[in-house]
Amino acid sequence: MKGVAILGSTGSVGENTLDVIARHPDRFRVAALGAHRNAARLAEQAVRFSAPYVAIADATAATQLEAELRARGCTARVLAGPGALEEIATLPEVDSVMAAIVGAAGLRSTLAAARAGKRLLLANKESLVMAGPLLMRTVRDSGATLLPIDSEHNAVFQCLPRDAAPGVAPPGVRRILLTASGGPFLDIDARRLENVTPEQACAHPNWVMGRKISVDSATLMNKGLEFIEACLLFGVQASQVEVLIHRESIVHSLVEYVDGSMLAQLGAPDMRTPIAHALAWPERVSSGVQSLDLVRVGKLRFEAPDLRRFPSLGLAQEAARAGGSRPASLNAANEVAVAAFLEGGLNFAQIPAVIESVMTTTSGGEIRDLDDVLAADAEARDRASLLIRPRAVHA
Ligand code: NDP
């Protein structure tokens, strides 16, 4: 029986994780659940899975959470405030931590899980992008096991030798090919991008996901963040990572070896596959995902991305090449710009423009510790906010 803590349990990845866990009550038990402020959903989950600990980051929602739990006769211990998620990530009863908080808000709890030597199931890509060298060093020093949840990186992980060390390129790997669906605006006229709405941006053709990652998929920044993530997780140079548009979202990514072999992982676009893989690794368990009918799929197409239409990907690739604090600045500028777009304060085409301005007006630096990460993050957030205020479009 493995104890699992789910950070971000009320989100899309969190709910999918609970779905997989519910299929295997003999293998996994929910040791702790955590979220931001959705007290009602958190309470329902805690009751259904008999979670002994429930953490809520927004302390003002703690009273509601307590009331919802006690009304259902649930005795789970409630932890509240920003440190609560770190606390549940390090509990002795917890073997595996699903890091599924969205954005930089997940950084501290992800690092805490790594420091505590847990099996870290990493969905929160922003923490790796921001603090890559620090997080990878922490994983190595503590002996934590790092398993990628992003479907692309999980696919690459599955195509690498089992003994590959975190952050070290296994011998014989020539390239990593990351696939991207291209998002909902792959074919629309570039001039119309100015007028697309948050609802259109969040209507992903193949995946059902949270709003922030859906917008990132529409700008291709998601692939940019994944590009950075791939360099860090697998210890390859930026020049060894290629992005391919693959509209069907069936081939989740590929590894090319020096002998010309290309290994790929295929499956239906359903996050329960990488989640089940990481929960049970190195064993395999059912995930609830249907068999893929390749005859029905028929064609698998691959195209080069168009960086002129989707400049966010190019900006992320530059940040990956520059290293240091540049990925943290990129991530922060993107988070601010995406939040502004979702709130109607910025149009879609302005998202990469804001990020580019921030990248050209902030300086890079080394990432030695958490303070360096937080300083780069704060500087980029300030710059982005200043740029956005006078631009408001839908106000
Ligand atoms: P959602 O928006 O669906 O869920 C986000 C979760 O994070 C919620 O539980 C939310 O709690 C919690 N949260 C938000 N802000 C805070 C905060 N300040 N403090 C603590 N918790 C917070 O996101 P997704 O599930 O889509 O994505 C989660 C992560 O996984 C992201 O990093 C994303 O890039 C990555 N990912 C997602 C995939 C997907 O298919 N969705 C695929 C691959 C990676 P509350 O509900 O209380 O607000």
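Two strands are said to pair if DSSP finds at least two bridges between them. Helices (H or I, at least four residues) and strands (E, at least two) are themselves DSSP runs, numbered from the N terminus. The structure described here is a predicted model, in which local features need pLDDT of at least 70, side-chain atom pairs count only at pLDDT 80 or more, and totals for chains, interfaces and linings use all residues. Residues are numbered from 1 along each chain as its sequence is written, and side-chain values use heavy atoms, with hydrogens and water left out.

Strands of a sheet pair through backbone hydrogen bonds, either parallel or antiparallel. One open sheet of this model has seven strands, in the order 4-3-2-1-5-6-7, with parallel pairing. Strand 4 (77–80) and strand 7 (145–148) are its edge strands, each pairing on one side only. From one strand to the next, the twist averages 20°. (Axes are lines fitted to C-alpha atoms, for helices over the stretch in contact, and angles run from 0 to 180 degrees between N-to-C directions.) Within this sheet, strand 1 (residues 2–7) and strand 5 (residues 96–99) run parallel and are joined by four bridges. Leu 7 has Ala 99 in strand 5 as its bridge partner. Helix 6 packs on the sheet and touches strand 6 (119–122) and strand 7, where contact means heavy atoms within 4.5 Å. The direction of helix 6 makes about 165° with that of strand 6.

A further open sheet has four strands in the order 9-8-10-11, and its pairing is mixed. Its edge strands, each pairing on one side only, are strand 9 (241–245) and strand 11 (262–266). Here the twist averages 20° from one strand to the next. Strand 8 (residues 173–180) pairs with strand 9 in the parallel sense over five bridges, and Ile 176 stands opposite Val 241 in strand 9. Helix 10 (residues 221–234) packs on this sheet, touching strand 8 and strand 9, and its direction makes about 155° with that of strand 8.

Next comes the ligand. The ligand is surrounded by 25 residues, counted as near if one of their heavy atoms lies within 4 Å of it. The closest are Thr 10, Arg 37, Asn 38, Glu 126 and Gly 210. By class, this shell has twelve nonpolar residues (Ala, Val, Leu, Ile, Met, Phe, Trp, Tyr, Cys and Pro), four charged ones (Asp, Glu, Lys and Arg) and nine polar ones (the others, Gly among them). Helix 1 (12–22) and helix 6 (125–142) each supply at least two residues of the shell.

Polar contacts, pairs of N or O atoms within 3.5 Å, also link the ligand to the backbone. An oxygen atom of the ligand is 2.7 Å from a backbone N or O atom of Arg 37. For Asn 38, a backbone N or O atom lies 2.8 Å from a ligand oxygen atom. Of the 890 Å² of accessible area that the ligand has on its own, the protein covers 86% (Shrake-Rupley method, 1.4 Å probe).

Two loops hold backbone details. Ser 50, in the loop between helix 2 (39–49) and strand 3 (53–56), has a positive phi of about 50° although it is not a glycine. Pro 282 is in the loop between helix 11 (272–280) and helix 12 (294–297), and the peptide bond from Trp 281 to Pro 282 is cis, with omega near 5°.

Definitions and conventions:
Polar contact = N/O pair within 3.5 Å; in protein donor to acceptor, adjacent residues only side chain to side chain.
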